[in-house]
Amino acid sequence: MARKGDAAASPYGEPRKFDPKFRGPIHNRHCTDVLCCVIFVVVILGYIALGIVAWVHGDPRKVAYPTDSYGQFCGQKDTPNENKTILFYFNILKCASPLVLINLQCPTTQLCVSKCPDRFATYIDMQSSYRYNKSYWEYYRQFCKPGFSKPWKSVAQVMRDEDCPSMIIPSRPFLKRCFPDFATKNGVLTVANQTTFKDGRGKTRNVTDLREAANGINNVLDARSVGMKIFEDYASSWYWILIGLFIAMVVSLLFLVLLRFIAGVLFWIFIFGVIGIIGYGIWHCYWEYHRLHGIPGSDLTIYDIGFQTDFRVYLQLRQTWLAFMILLCIVEVVIILMLIFLRNRIRIAIALLKEGSRAIGYIMSTLFYPIITFILIAICISYWAVTAVFLATSGEPVYKVMANQSLCKYANLTCYPETFNTTNVTKLCPGAQCTFAFYGGESLYHRYILIFQISNVFVFLWLVNFAIALGQCTLAGAFASYYWAFRKPADIPACPLFSSFGRAIRYHTGSLAFGSLILAIVQLIRVILEYLDHKLKGSQNVFAKFLLCCLKCCFWCLEKFLKFINRNAYIMIAIYGKNFCTSAREAFFLLMRNVVRVAVLDKVTDFLLFLGKILVAGGVGVLGFFFFTHRIPIFTQEAPSLNYYWVPLLTVIIGSYLVAHGFFSVYAMCVDTLFLCFCEDLERNDGSTAKPYYMSASLHRILGKKELSPKKLMG
């Protein structure tokens with residue numbers, strides 16, 4: 001263990017000197033990083049203003065309801081389309097995929113109808129039978145433009161003006177749009193039991209052409225059916241899922257309590273288990289090495305046989321098992337030597353884990369603080385999602401001239417329905433129409449929609465990181481209050497969690513916002529890199545892909561490093577109340593002066609918490625499996641009948657893991673805080689009467705220093 005003299009010679013800054021006025025996190029404070037606090041408040045106000053502007057301009061109905069070629073919503077009340085809730089496409093063959101349909105970019109006339117067609121028909125066939133059978137026309141006209149009543153109009157002119165579709169095909173509504181009613185018969189794709197159809201333009205087409213136009217729609221429809229069954233399973237098992245999550249919460253609490261007594265046992269069981277497994281591996285390698293003695297070909301070297309795709313070839317060589325045995329022996333010796341030389345630091349780590357359980361026992365309210373963090377993050381996600389939807393639907397209807405592009409120079413130019421008939425376009429381009437194309441705009445607001453969306457994502461990341469930072473600083477302040485209480489629990493302040501939350505909000509909002517801002521910038525860059533990587537997937541530029549991969553890796557590492565620094569900086573802010581940069585620097589140097597302890601504590605803590613999460617999720621999952629599969633005789637009648645028993649089972653397992661993660665994240669924060677306080681305590685004090693340690697008696701005994709004062713022992 002490093003002595004105080006060793007720490008003083010460290011290149012990572014000087015240890016902190018004794019300050020007789022220091023009384024832990026509860027002392028006179030001042031506001032830190034005020035400028036960043038002001039910027040943060042201004043950004044939040046601007047974010048609210050952005051949401052209001054988006055709310056004024058946006059219309060979520062554009063996402064929920066389809067829009068016809070005139071920019072009118074299908075099914076909108078008090079309009080001619082009130083009873084026409086489904087969108088019909090004149091020529092679905094022009095649509096490349098369902099995404100094109102959903103995004104309203106299919107280059108064909110779109111019409112609101114009350115129901116989808118249920119038969120194959122063409123305008124040519126309708127016109128030929130109109131003279132002796134008017135009912136054919138009465139059915140067909142509901143898929144023509146409103147007001148069109150000239151079934152005798154020539155087919156060429158109807159197709160030119162797009163008064164009616166050239167054909168209709170059996171369809172069914174999905175996402176409030178008419179899609180071909182596909183089916184598979186004897187492995188052959190059909191529509192209404194037919195494999196071919198007439199396109200109304202003198203050609204016979206295969207239904208596979210429709211499938212290409214509506215690519216993957218059957219899978220989506222099947223997914224809807226599965227989704228309905230999953231919804232039914234949730235509806236019949238939701239209360240059992242809640243019971244499972246409650247059990248997970250109770251088990252998590254019990255595990256945290258038991259860590260006070262079994263942390264050391266669990267760790268040493270794991271260590272000796274690893275040593276035993278490696279020892280067995282060494283014995284097995286020796287046994288294989290001895291077994292292959294005398295077998296022809298086993299004495300060849302790996303160099304002799306060269307590279308082989310079948311790995312089993314190498315297992316027939318004595319040299320392979322000898323190499324495995326040597327490697328495992330090295331690993332075994334390294335682990336044993338580490339245990340011998342790091343035994344005191346491992347004992348300190350285990351003692352800190354036990355101390356963490358004791359601290360949580362005194363401040364039980366900290367276990368439920370993650371609920372507040374969850375609520376704050378849920379609010380951020382909801383606001384971001386709503387703002388993004390309103391921004392995406394902020395455009396005004398834009399109309400384009402629809403005409404034959406090869407004959408009309410005005411094709412695809414912007415037009416205005418109110419004045420279109422008074423222009424020369426209809427004269428120069430017979431049959432041209434001013435048709436709704438998409439939602440957009442030419443105003444300053446509409447030009448910067450993309451910038452607003454990026455800003456929406458950036459502020460969202462900032463706010464989420466701030467909510468997490470606030471939680472970490474609050475918990476750190478509460479646990480620091482426990483550590484720096486000289487007589488535990490008598491000197492622990494009343495309501496330490498609430499007091500810590502108040503200090504963090506009142507004095508350190510700027511510092512928390514500063515740390516969150518740095519992390520949000522890195523995360524935004526990572527989002528942009530992921531977007532670029534998605535765009536370059538089909539590219540053949542190998543250098544660009546390699547460079548992008550390197551950048552993604554670097555920024556991933558940078559994000560992990562910043563999260564580590566920020567976490568410890570927030571702990572120092574909670575203890576001393578200094579600004580972010582000073583706290584981050586002091587936390588970094590303090591950790592570097594105790595780097596071996598940090599490494600040992602992290603590994604011990606990570607192992608125990610990972611073990612706890614697996615035990616909680618696995619135990620509740622096994623119980624849920626036996627319950628939902630009716631294998632518990634007592635609850636056979638109570639267990640619900642399900643379409644897919646894995647739906648509530650997976651929900652319970654994942655939910656239990658998240659519940660355990662929420663509780664154990666508090667425990668991890670507690671251990672990290674106590675560790676920094678422990679390191680500070682060692683550098684500030686020497687255990688004398690004038691400068692007594694604040695650590696518990698168990699930690700003091702592990703240090704092997706002189707006994708605590710009688711007053712300390714009473715604590």
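**Working through loops, helices and a cavity**

Asp-33 sits in the loop between helix H1 (4-8) and helix H2 (34-57); helices here are DSSP runs of H or I with at least four residues, strands are E runs of at least two, and both are numbered from the N terminus. This is a predicted model, where local features need pLDDT of at least 70 and side-chain atom pairs pLDDT 80 or more, while totals for chains, interfaces and linings use all residues. Residues count from 1 along each chain as its sequence is written, and side-chain values use heavy atoms, without hydrogens or water.

**Exercise 1.** Work out what stands out in the backbone at Asp-33 and at Cys-495.

*Solution.* Start with phi of Asp-33: it's near 50°, a positive value in a residue that isn't glycine. Most residues other than glycine have a negative phi. Next, find Cys-495 in the loop between helix H17 (449-483) and helix H18 (496-507). Its phi is also positive, near 50°.

**Exercise 2.** Describe how H21 and H23 pack.

*Solution.* Take H21 (residues 580-593) and H23 (residues 646-684): their axes, lines fitted to C-alpha atoms over the stretch in contact, are 11 Å apart at an angle of about 75°. The helices are therefore roughly perpendicular (65 to 115 degrees, on a 0 to 180 scale between N-to-C directions). Now list who touches (heavy atoms within 4.5 Å): Leu-590, Leu-591 and Arg-593 of H21, against Phe-675, Leu-676, Cys-679, Glu-680 and Glu-683 of H23.

**Exercise 3.** Place the salt bridge between Asp-163 and Lys-153.

*Solution.* Apply the rule first: a Lys or Arg side-chain nitrogen within 4 Å of an Asp or Glu carboxyl oxygen. It gives 13 salt bridges. In this one, N to O is 2.8 Å. Then locate the partners, 10 residues apart: Asp-163 is in the loop between helix H7 (155-161) and S4, and Lys-153 in the loop between helix H6 (134-140) and H7.

**Exercise 4.** Say what lines the second largest cavity.

*Solution.* A cavity is a set of points on a 1 Å grid over the protein atoms where a 1.4 Å probe fits but can't get out. This one has a volume (the space filled by probe spheres on the points) of about 90 Å³. Its lining (residues with an atom within 4 Å of a point) includes Phe-88, Tyr-89, Met-167, Ile-168, Cys-178 and Pro-180. Strands S1 (86-89), S4 (167-168) and S6 (177-180) each give two or more residues.

Notes:
1 Å grid on protein atoms, 1.4 Å probe; cavity = no way out; pocket = protein on both sides within 12 Å on 5 of 7 lines; lining within 4 Å. Parallel < 35°, antiparallel > 145°, perpendicular 65-115°, else oblique.
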